[in-house]
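Please open the structure in your viewer and keep the selection tool at hand, since this tour moves from one selection to the next and says what is found at each stop.

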Amino acid sequence: MTARELRLKYLRFFESKGHTVYPSGSLVPYDVTGRLDESLLFNGAGMVQFKPFFRGAAEPPNRRLVTAQKCVRTGDIETVGDLTHLTFFEMMGNFSFGDYFKKEAVAFSWEFLTSPEWLGLDPHRLAITVFEEDDVAFEAWSVHLMAAGIDPYRRVFRLGEETNYWPAGAFSSGPPGPCGPNSEMFYWTADTPPPSGPYSREDYLRDEAEGKWLEIWNDVFIQYEWQGSLRNPDRPGEGYIKEGMPDLPFQSIDTGMGLERTIAVLNGLKSVYDSDLFTPIIQRIEELIPTKGTRGEGESRAIRIIADHIRTACFCIADGILPSNTGRGYVLRRLIRRAVLKGLRVLGFEQPFFHLVYEGVVEAMGDHYHELIDRRDVIVETLLNEETQFRRTMHAGQNLLSEELERLAKASTKTLDGAVAFKLYDTYGFPLEVTKELCEEAGVAVDEDGYEVALKEAQERSRGASDMDTVYGGGEERLLVVASSRALPHTGFVGYTHLEHATEIVQISPRFGPDGLTTGEFQLCLAETPFYAESGGQVGDSGLVEGPTFRFFVHNTWKELGMIWHDANLEATPVLPGVHEDQIRAAVARHGRPMTHPMAGFTPEEMTEILESGIFFVPVFAHVDAARRNRIIRNHTATHLLHAALREVLGKHVTQAGSLVAPDHLRFDFTHGKAMTEGELMRVEAIVNEVALHGVPITIYQDLPIAEARARGAMALFGEKYGDRVRMVEVGDFSRELCGGCHVRQTSEVGLFRIVHESSAASGVRRIEAVTGESAYEMVREQSATLRQASGLLKSTPSDLVHAIEKQLESAREERKRRERAEQQLAKGGSSGGEAPAYRQVGRVRLWTPRYDNLDPKIAASAIDDAVAANPDLVVVGAIVGDGKVSFVAKVGSEALKQGAHAGNLVKEVAKVAGGGGGGRPDFATAGGKDFSKVDAALAVVEGLLG
């Protein structure tokens with residue numbers, strides 16, 4: 001059986017049991033509501049995206065779902081390369097949210113594993129573990145085993161909470177939150193026949209420890225709410241005290257079957273790398289290896305590492321993760337460098353190769369994961385850029401190690417610091433064994449304990465926060481929210497076509513300050529709203545929400561769990577039933593605050609009473625700030641035009657990597673490995689303006705099957721997740737993108753487009769900032785005014801400004817040359833008069849003591865050099881005064897040296913007179929002084945020093 005067949009069988013089996021196939025979540029751990037799970041670095045399990053369904057915070061499309069989830073786990077990076085460990089894997093999972101439970105889940109697992117129609121595994125080669133107190137799961141498995149003629153007491157084993165509870169150990173120790181027992185399924189993989197006859201729990205544990213049983217499936221039964229408090233609030237690490245474990249409002253199933261491991265079991269393979277998920281990748285690597293011949297274990301392990309890491313890298317990049325020095329990008333960069341290093345040092349790849357292995361990944365997995373094909377250009381370009389950059393960095397690492405070894409030799413030290421060894425690995429890609437080998441050649445040991453400390457710190461950064469701390473994304477801020485009886489679980493958005501709308505407030509939440517009193521700021525939900533919620537880079541709308549007796553100014557709009565919230569300030573106070581204005585003032589005064597804002601200064605209890613009276617749950621009229629929205633949509637449409645223009649000028653590898661669409665400017669991040677040239681920027685700007693001038697109509701398809709959108713060539717936002725039906729924005733034949741934002745009706749409404757700046761946003765990502773419409777006009781107006789001002793200063797016209805500047809520069813160059821010639825003559829003369837140098841005979845040498853005030857030190861030094869070169873018997877001690885400093889320079893000719901003159905000794909004594917010091921060689925020396933008033937006196941002592 002192939003992995004493709006196993007994946008399809010699993011999905012089809014659970015479809016036949018009433019499950020809906022749900023698409024894989026992104027490797028960036030967003031849940032089904034679009035909320036980022038901050039507790040995780042990567043999506044590492046099928047249940048991650050479904051947390052809102054498990055919590056009851058969102059309604060699933062079907063209470064039975066099945067997925068093939070792409071996952072990344074990075075805690076064991078260093079072990080990858082053996083026969084089993086992977087960083088990227090697929091987790092097949094079936095889920096129930098308050099529908100079926102243990103008996104049905106067990107029945108589904110048994111049928112899929114053993115039925116000839118599905119996997120047809122031999123039941124005698126299966127073993128099951130359950131939580132030691134879970135009688136229901138034990139009995140459920142017993143029914144199926146006995147029907148197959150197997151004694152359940154010889155195949156179902158009760159184990160403790162560390163292995164058969166989720167989260168591990170949670171039955172006794174928490175943390176607070178949903179939890180439950182689990183049941184794990186194992187398959188006998190040893191060459192010997194599976195056990196027959198009596199077989200105890202101890203026998204199972206012994207054989208499992210020896211690797212004869214391999215886990216292939218895990219059913220988690222989520223049924224309890226663990227309740228407890230910290231043993232010591234000041235020391236959370238001491239854990240929790242259990243206070244109770246009541247039943248949850250509904251019971252759920254969360255299962256997982258590793259595709260790679262299961263396909264290896266089904267085909268009797270010794271390694272997950274022998275399956276068809278890897279054979280096209282490994283074959284591609286072997287085709288690329290420059291040297292042919294027999295492969296030893298070192299070469300085979302290197303190939304396995306490259307095969308695993310290329311899968312992880314390709315899927316990460318396809319989901320919008322790019323190499324960087326932090327977070328997910330840090331892990332991705334580390335994996336790419338580890339793979340490249342193995343290719344370079346073990347397999348002999350002297351030229352970049354990693355991006356070429358991409359084709360093997362597409363062959364193995366592109367049929368199911370279309371994003372690998374859709375993102376081909378950006379994946380290949382990113383891999384190539386990262387490897388090229390790393391190869392350059394390797395040279396710097398070698399230089400660093402050489403410098404460290406040289407420093408250790410001078411200090412007579414024989415141990416390289418562990419932190420340095422780790423820096424060589426983490427920053428420059430040197431694994432510990434390579435560093436040790438190079439150090440050994442120099443007779444230096446490596447502090448491996450220090451290295452391990454630094455490595456563990458890095459692993460913690462890679463591993464990210466533990467999902468046990470907030471299993472279902474708990475810990476949200478507790479807010480006072482009052483809802484109308486007419487509140488719905490989602491907000492209708494009418495803002496694509498209407499900027500004003502009659503609606504009503506259905507939820508309201510007051511904001512509280514640090515003192516626990518209301519601030520006068522609120523968050524509102526409307527039944528329907530014309531306000532666009534911040535999304536896809538487009539900022540939220542602002543405007544007014546007006547009621548019969550009150551008015552809110554909305555300054556931001558955002559979305560959460562299907563609701564559109566409006567951040568608003570209350571500008572006009574409603575009439576409160578039974579409450580007069582003087583009573584409101586009295587209430588505010590009780591809290592010691594002036595009446596600076598309507599309804600500010602109330603306690604939560606007072607505000608709850610006011611809100612529950614229903615004064616805000618009345619019809620209102622919502623007005624979006626139309627002028628601001630128009631500026632925003634000009635910029636949003638311009639980002640689509642910019643994206644298409646960049647792909648036309650730079651290549652198809654360009655893909656959006658982030659954006660900001662604000663009223664005053666736009667920011668667009670895109671994948672590209674180097675800075676754009678001035679010519680490229682001009683071409684991009686010209687293309688966008690040309691399309692804008694043509695007035696191309698914008699066509700928006702509100703509800704298009706995603707397959708049809710892709711067939712039409714629609715671009716998807718980098719790293720975004722899409723459902724079966726999408727919204728597509730089309731600009732003639734120039735641009736097609738999947739987008740939920742607001743746009744102009746035709747491109748001429750964009751107006752003028754101007755690029756303000758191009759820069760680096762991250763490794764392999766460039767950023768363009770630009771303006772349109774009024775902002776572009778204002779930019780041109782300011783630039784024109786600057787041109788006119790500059791032209792006036794040069795007594796020219798804007799059209800002749802460049803020529804005028806060139807003339808001015810040429811005049812400045814000639815003036816500088818004249819000044820330098822004059823200064824040189826002055827320097828050679830030794831005085832402002834320019835007369836011949838005043839050389840004095842002192843014994844058998846001649847002496848010159850010039851003073852230079854506010855003269856270029858280079859000219860002064862050149863004059864001294866020329867004088868000594870022409871007069872071998874000359875001693876020069878000069879002073880250079882200027883820029884708040886005093887410098888002394890001494891130079892002694894060859895003949896004067898023979899007579900005992902010493903520049904270092906002379907300048908040292910001279911500098912003392914001016915409160916400074918210095919010294920140097922016999923033929924040349926310098927020194928500094930502090931007292932400007934003593935410069936002449938200092939020069940005057942030279943003759944006595946020579947005598």
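Over the face of which residue does arginine 712 lie? Select arginine 712 together with tyrosine 701, and you will find the arginine over the face of the tyrosine, at 4.6 Å from the ring centre. Bear in mind from this first stop onward that you are looking at a predicted model. A second arrangement of this kind can be shown by selecting arginine 727 and tyrosine 496, where the arginine lies over the face of the ring at 3.7 Å from its centre.

**Aromatic pairs**

Now colour the aromatic side chains, for a search of the whole structure finds 47 aromatic pairs. Begin with phenylalanine 54 and phenylalanine 97, which form an edge-to-face pair with 4.9 Å from centre to centre and 70° between the planes. Phenylalanine 54 belongs to helix α2 (residues 51-55) and phenylalanine 97 to strand β3 (residues 88-97), so this pair ties together parts that are 43 residues apart in sequence. Both phenylalanine 54 and phenylalanine 97 are buried, and it may help to hide any surface before you inspect them.

Select next phenylalanine 552 and phenylalanine 616, an aromatic pair that is tilted, with 5.4 Å centre to centre and 50° between the planes. This pair links distant parts of the chain, as phenylalanine 552 is in strand β19 (residues 551-560) while phenylalanine 616 is in the loop between α19 (604-612) and β21 (619-624), 64 residues apart. Phenylalanine 552 and phenylalanine 616 are both buried.

To see a cluster rather than a single pair, select Tyr10, Phe13, Phe14, Tyr100, Phe108, Phe112, Trp118 and Trp217, which are linked by ring pairs.

**Two helix contacts**

Show the backbone as a cartoon and select helix α3 (residues 102-114) with helix α4 (residues 135-147), whose axes come within 9 Å and cross at roughly 35°. The crossing of α3 and α4 is right-handed. Display the side chains here, and you will see Lys102, Lys103, Val106, Ala107, Ser109 and Trp110 of α3 meeting Val136, Ala137, Ala140, Trp141, His144 and Leu145 of α4. Sorted by character, the residues of this contact of α3 with α4 are eight nonpolar, two polar and two charged.

For the next contact, select helix α12 (residues 358-365) and helix α14 (residues 376-410), which pack at an angle of about 145° with their axes 11 Å apart. Here, too, α12 passes α14 in a right-handed crossing. The residues that meet are Tyr358, Glu359 and Val362 in α12 and Arg376, Ile379 and Val380 in α14, and they divide into four nonpolar, no polar and two charged.

**A histidine and an aspartate**

Is histidine 672 buried or exposed? Select this residue in the loop between β23 (666-671) and α21 (678-693), and note that histidine 672 has a relative accessible area of 7% and is therefore buried. If its neighbours within four places in sequence are left aside, histidine 672 is in contact with Asn385, Leu650, His653, Gly764, Val765 and Arg766.

Aspartate 866, the next selection, lies in helix α25 (residues 857-870), and because its relative accessibility is 40%, it counts as partly exposed. Draw a distance from its C-alpha atom to that of glutamate 386, and the separation is 53 Å, for two residues that are 480 residues apart along the chain.

**Backbone details**

Finally, turn to the backbone itself and select tryptophan 166 and proline 167, where the connecting peptide bond is cis, with omega near -10°. Proline 167 is placed in the loop between β6 (165-166) and α6 (170-173). The bond from glycine 174 to proline 175 is also cis, with omega near 15°, and proline 175 lies in the loop between α6 and β7 (177-188).

Two further selections concern phi. Lysine 795, in the loop between α23 (773-793) and α24 (801-829), has a positive phi of about 55° although it is not a glycine, and with a relative accessible area of 77% lysine 795 is exposed. Asparagine 854, in the loop between β31 (851-853) and α25, likewise has a positive phi of about 55° without being a glycine, and asparagine 854 is exposed, with a relative accessible area of 65%.

Conventions:
Residues are numbered from 1 along each chain as its sequence is written. This is a predicted model: local features need pLDDT of at least 70, side-chain atom pairs count only at pLDDT 80 or more; totals for chains, interfaces and linings use all residues. Side-chain values use heavy atoms; hydrogens and water are left out. Axes are lines fitted to C-alpha atoms, for helices over the stretch in contact, and angles run from 0 to 180 degrees between N-to-C directions. Helices (H or I, at least four residues) and strands (E, at least two) are DSSP runs, numbered from the N terminus. A crossing is left-handed if the near helix is turned anticlockwise from the far one by less than a right angle, and right-handed if clockwise. Contact means heavy atoms within 4.5 Å. Ala, Val, Leu, Ile, Met, Phe, Trp, Tyr, Cys and Pro count as nonpolar, Asp, Glu, Lys and Arg as charged, and the others, Gly among them, as polar. Rings of Phe, Tyr and Trp (its six-membered ring) pair if their centres lie within 6.5 Å; planes under 30 degrees apart count as stacked, over 60 as edge-to-face and the rest as tilted. Buried means under 20% relative accessible area, exposed over 50%, partly exposed in between (1.4 Å probe, protein chains only). A charge sits over a ring if NZ of Lys or CZ of Arg is within 6 Å of the ring centre and within 35 degrees of the ring normal.
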